[in-house]
Amino acid sequence: MARFTRFRDTQRRIAEADSVAVIGLGRFGNSLAMELMSSGTEVLGIDADEDIVQSLNGQLTQVVRADSTKEEALRQLAVNEFDRVVVAIGSDIQASILTCSALLSMKIPQIWVKAADDRHGLILEQLGVHHVIYPEKEMGKRVAHLVRGAAMDFLEIDRGYAMVKTVAPSRLHGVRLGDTGIRRSHGVTIAAFQRPESAWQNADAETVLGPGDKILIVGPTAKAEDFAQLP
Ligand code: ATP
């Protein structure tokens, strides 16, 4: 019992820090948890599979084996004290929904859930989950934009509005950005640029680009993509 109390104290300490509980440590949950750790966030990882828990031991702040569909099990791990919880259980839709229902009844302020498909996502939204994510769908869309054009990276910030990384087209070379008139003519803004072998910097009206400079274009998706296609 004393050992268990100490164990729960550790979860409490994690919950008080800049921390996230990640439930389901498959490929997506694992990658998300490791990225959070590398940016200094404390992570409580939970998975039903002992082998997965063992393999991540020592790599996350704490990793425990538990069945997340059971609210009592989550409470014993002090998950109810976390402000942010990610549910990364994709293929077992029933387990995902039961886990979310338990988290919602514990009134977790920010619940992020991976949806396997639209039907799963709709149920999660109807339950009242705060953030539903569709990693495969979103990555598929993103790669489609990369495959289609000259973009080196593409991020649709919201429906119809995007950021595109590409090489500065020749019409921008040697001209102050303020004199190019591209906002009026193309409906996009150059937000930042990177000279070869240098760091990224914010762009402004005085910026003059040259061959090989990379740029970050911001604007309506179709316009930003069209601009990225310019030679
Ligand atoms: P991936 O992220 O690898 O694509 P996936 O979307 O296929 O994963 P699953 O493999 O179903 O999702 O689940 C991810 C992880 O969630 C697995 O490691 C699994 O052991 C864990 N998991 C499934 N059900 C539960 C549960 N009830 N409680 C805790 N963990 C669970």
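Residues are called buried under 20% relative accessible area, exposed over 50% and partly exposed in between, with a 1.4 Å probe and protein chains only. The model described here is predicted, so that local features need pLDDT of at least 70 and side-chain atom pairs count only at pLDDT 80 or more, while totals for chains, interfaces and linings use all residues. Residues are numbered from 1 along each chain as its sequence is written, and side-chain values use heavy atoms, with hydrogens and water left out.

The protein chain is assigned domain 1 (2–133) and domain 2 (138–228), bounds that come from an automatic or database domain assignment. Between the C-alpha centres of domain 1 and domain 2 there is a distance of 37 Å.

Helices (H or I, at least four residues) and strands (E, at least two) are DSSP runs, numbered from the N terminus. A good place to begin is helix H10 (residues 221–228), whose buried residues are Thr221, Ala224, Glu225, Phe227 and Ala228. These residues lie on the same side of H10 because they cover an arc of only 160 degrees around the axis, the arc being that of the directions from the helix axis to the C-beta atoms. On the face turned away from the buried side of H10 sit the exposed residues Ala222 and Asp226. The cover over the buried residues of H10 includes helix H7 (135–148), strand E7 (153–158), strand E8 (161–167), helix H9 (182–186), strand E9 (189–194) and strand E11 (214–220).

Helix H7 also holds Met139, which counts as partly exposed because its relative accessibility is 44%.

Turning to strand E5 (residues 110–114), Lys114 is found there, and Lys114 counts as buried because its relative accessibility is 12%. Contact means heavy atoms within 4.5 Å. Leaving aside neighbours within four places in sequence, Lys114 is in contact with Phe28, Val87, Ala88, Ile89, Gly90, His120, Leu124, Ile133, Pro135 and Glu136.

Two loop residues deserve a look for their backbone angles. Most residues other than glycine have a negative phi. Lys107, although not a glycine, has a positive phi of about 60 degrees. Lys107 belongs to the loop between helix H5 (93–105) and E5, and counts as exposed because its relative accessibility is 70%. Glu197, likewise not a glycine, has a positive phi of about 65 degrees. The loop between E9 and strand E10 (200–202) contains Glu197, which is exposed, with a relative accessible area of 83%.
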